[in-house]
Amino acid sequence: MSGLVLYGVALFFALSACHFARGRRTNPRAIARYSCYATALLAAALLLLAPPTVQAGDRLHLLGIAPAVPVLLGDVLRIGAACAIRLLALALRDPEPARRAVRRQLALLAGVLGVRAVLFVAAAPGLDASDLTAAPSTGARLALAGYTAAGVLYLACCLTALLRRLARLARAAAPGRQRSGLRLLTLSLVAGLLWNAWGVDDVVQAAVTGTQAGAEDALCGVLGLLCVALLAAGLGTTVWPAAYAAVRRWLRAHRRYRALAPLWRDLHTVLPEIALAPASRLPLLPPRDPQFALYRRIIEIHDARLILRQHLDPRTPRWLAAAASRFPPAAARAGATAGATAEAAALAAALERAAAGARPNPDTPRTAPAAESPHALGQDLESEADQLAHLTRVYATCPAVAEVRARARAAASCPTAPDPDPVASPVR
């Protein structure tokens, strides 16, 4: 596969690792943990072993570093991913594998890495473009061949263990999406084994010529693409639907959260005490949990509405009627927005009175029940957010509400002045 394709595959594995990491926080099971480790290590290994990255290693000799170091690090990460795959096979058999079994696999990993490190030093390889070249001696060529063979054998053992477990799960699964996904994952492992088995050609080439090719031939590239395609299809069938639903819920909650911003911002400016907790992030960044942030913003808006009951201006209905005569709503929307317009105007006028420091109305105590509301409380968080978003749009865009706000601001700034003709009052 070309470098760009490998970078794309690495991005896919990185996104999968992020999804498994999120599942690990909400449901800390060994399956999610080892899946996260395997995909993250594979992503990092592919980034380091991609031909453009390997070729860029030629510049490391200027820093006194062997140019073959990126290849060695990439191989270490790939072997670590193979160990995570083996541990994942254990977790699929037992949700929490025994510590002795985990330690045995970690000890085997350490042994493989140690043997490969010794063989790598014995081969003393250099870098020719993207190919590893052993020192000009028979021992160095054999060491490079052994280095490659150890990785091929270990990866084959780990893939075989996971393949056997997934095949059993696929046979036991009921017909449906999960069974289809498990079958696709099983086929991806078969393709991965064939892809890995083609590495025997690299072993022979290293033993004969002392060179390990960095670029893959056509058949090896086809097997790699087939493995990745089947893996993506399997994950897309079993894992990604839940991830897609979670992303969609996040986006919908974030959109509702932003839709309430104009009304909440004005309420919070005048009544900063409604904030339940100070923001612990930069203002321009989205909330980490928009569902909770939306819930908190709804509560804060309702608290502000309750506080502003004591600042309601009895002249608001008359001002709104005069403003509505100047800015009549469309006939199709008149019934749908009348209640929201009335409350938005009442909120705007009460905000102006509260901002000017007007005394609360003695006959409207702070703890009085809510007056006429343009809508009943929503049955759930989403419906209530949608209703408040509609109120916010009317509050921010309706010219009649802007007219009432201007009248209330003028009246609050000069309480003793006579109330002028509302029709002649400009919108500010």
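Trainee: Which residues form a nonpolar patch on the surface, and about how much accessible area do they have together?
Mentor: This is a predicted model, in which local features need pLDDT of at least 70 and side-chain atom pairs count only at pLDDT 80 or more, whereas totals for chains, interfaces and linings use all residues. Residues are numbered from 1 along each chain as its sequence is written, and side-chain values use heavy atoms, with hydrogens and water left out. Patches are made of residues with over 30% relative accessible area and no salt bridge, like charges being joined within 9 Å and nonpolar side chains (Val, Leu, Ile, Met, Phe, Trp, Tyr) within 5 Å, and accessible areas come from the Shrake-Rupley method with a 1.4 Å probe, where for residues only the protein chains shown count as cover. The patch consists of V200, V204 and V208, whose accessible area together is about 270 Å².

Trainee: Is V208 buried or exposed?
Mentor: V208 lies in helix α8, which covers residues 200-209; helices (H or I, at least four residues) and strands (E, at least two) are DSSP runs numbered from the N terminus. Buried means under 20% relative accessible area, exposed means over 50%, and partly exposed is in between, with a 1.4 Å probe and protein chains only. The relative accessible area of V208 is 59%, so V208 is exposed.

Trainee: Which element gives the most residues to the largest nonpolar core?
Mentor: A nonpolar core is a set of buried Ala, Val, Leu, Ile, Met, Phe, Trp, Tyr and Cys residues joined through side-chain atoms within 4.5 Å. The largest has 44 residues, and F13, Y34, Y154 and L162 have the most contacts inside it. Two or more residues come from each of several helices, among them α1 (3-26), α2 (30-49), α6 (138-172) and α9 (218-238). With 10 residues in this core, the element that gives the most is α4.

Trainee: How many residues are in the second, separate core?
Mentor: This core is separate from the one around F13 and its partners. Its members include L260, A345, L347 and L388, and its total is 38 residues.

Trainee: What is F13 in contact with, leaving aside its neighbours within four places in sequence?
Mentor: F13 is one of the residues with the most contacts inside the largest nonpolar core. Contact means heavy atoms within 4.5 Å, and once the neighbours within four places are set aside, the partners of F13 are T39, L42, A43, L46 and L231.

Trainee: Which residues does S35 touch, not counting those up to four places away in sequence?
Mentor: S35 is placed in helix α2, and with a relative accessible area of 9% it is buried. The C-alpha atoms of S35 and F20 are 6.4 Å apart, although the two residues are separated by 15 residues along the chain. With residues up to four places away set aside, S35 touches F20 and L88.

Trainee: Why does D75 count as buried?
Mentor: D75 forms a salt bridge with R78, their closest N and O atoms being 3.0 Å apart, where a salt bridge is a side-chain nitrogen of Lys or Arg within 4 Å of a carboxyl oxygen of Asp or Glu. The two are 3 residues apart in helix α4, and therefore separated by about one helical turn. R78 counts as partly exposed at 33% relative accessibility, whereas D75 is buried because its relative accessible area is 3%.

Trainee: How many residues apart are R256 and D386, the pair that links distant parts of the chain?
Mentor: The closest N and O atoms of this salt bridge are 2.8 Å apart. R256 counts as buried at 11% relative accessibility, while D386 counts as partly exposed at 38%. R256 sits in helix α10 (residues 240-259) and D386 in helix α15 (residues 381-397), so far along the chain that they are 130 residues apart.

Trainee: What distance separates C36 from the nearest cysteine sulfur?
Mentor: A disulfide is a pair of cysteine sulfur atoms within 2.5 Å, and by this rule the count is 0 disulfides. C36 counts as buried at 10% relative accessibility. C36 is in no disulfide, and the nearest cysteine sulfur, which belongs to C18, lies at 7.7 Å.
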